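Please look over the sequence and the structure shown here. The briefing after them takes up one pocket and one residue.

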Amino acid sequence: MGIDQDGNAAVRRAIDESRASLATGPESSGAATIEDSRRERALKAEAAREIYTQRRRRAVLFGNPDLFGEPAWDILLDLYIAEVEGKAVSVSSACIGSAAPPTTGLRWLGVLAENNLILREHDPEDQRRVLVRLTDSGLAAMDQFFSGI
């Protein structure tokens, strides 16, 4: 198995084990509780972090990060993890998270915004800084992606 296959299998196993432990927990009249939803999203964020880490590892192992460039996906992974952790992400941090040159990261932020996957907004604590976050539809798409792993 290659690096990605091994890692994806590990991610699937971790999610399956976590889902199994959630399923055996106390039931709340057949409906998932808010806490269960939070735990489920946290597990998905762990999978996102693992995928992001493996992508960086792959770039290092092959010695050329340009071989595997997907800046938009890296940005979405980074913003998904930040959303679950309740962390704010600046435009410059998102560009760094894209693992691409800043101009490429900015271009992909624009594409993601045009597709209603991310939203740019001024930092309420520092109007000079612009923050980015997933839109509701972007968050739902990421949730759906990780539900399918």
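**A pocket and a threonine**

Seven nonpolar, two polar and six charged residues make up the lining of the second largest pocket. The model is predicted. The points below cover this pocket, and then Thr135, a residue in the loop between β3 (126–134) and α6 (136–147).

**The second largest pocket**

- The space in the second largest pocket comes to about 170 Å³.
- Its lining is formed by 15 residues.
- Pro65, Asp66, Gly69, Ser98 and Ala99 are the lining residues that lie nearest the centre of the pocket.
- Two helices, α2 (34–62) and α3 (71–85), each supply at least two residues of the lining.
- The element that gives the most to the lining is α2, with four residues.

**Thr135: position and burial**

- Thr135 comes between β3, which spans 126–134, and α6, which spans 136–147.
- Is Thr135 buried or exposed? Thr135 counts as buried because its relative accessibility is 8%, and buried means under 20%.

**Thr135: contacts**

- The side chain of Thr135 reaches the backbone oxygen of Asn116 at 2.6 Å.
- A polar contact of 3.1 Å joins the side chain of Thr135 to the side chain of Ser137.
- With neighbours within four places in sequence left aside, Thr135 is in contact with Asn116, Leu117, Ile118 and Leu119.
- Asn116 therefore appears both as a residue in contact with Thr135 and as the owner of the backbone oxygen that the Thr135 side chain reaches, given that contact means heavy atoms within 4.5 Å.

How values were computed: Residues are numbered from 1 along each chain as its sequence is written. This is a predicted model: local features need pLDDT of at least 70, side-chain atom pairs count only at pLDDT 80 or more; totals for chains, interfaces and linings use all residues. Side-chain values use heavy atoms; hydrogens and water are left out. On a 1 Å grid over the protein atoms alone, a cavity is a set of points where a 1.4 Å probe fits but cannot get out, and a pocket is an open set with protein on both sides within 12 Å along at least five of seven lines; lining residues have an atom within 4 Å of a point. Grid points are joined across faces, edges and corners, and a volume is the space filled by probe spheres set on the points. Ala, Val, Leu, Ile, Met, Phe, Trp, Tyr, Cys and Pro count as nonpolar, Asp, Glu, Lys and Arg as charged, and the others, Gly among them, as polar. Buried means under 20% relative accessible area, exposed over 50%, partly exposed in between (1.4 Å probe, protein chains only). A polar contact is a pair of N or O atoms within 3.5 Å; within protein, one must be able to donate a hydrogen and the other to accept it, and residues adjacent in sequence count only if both atoms are side-chain atoms.
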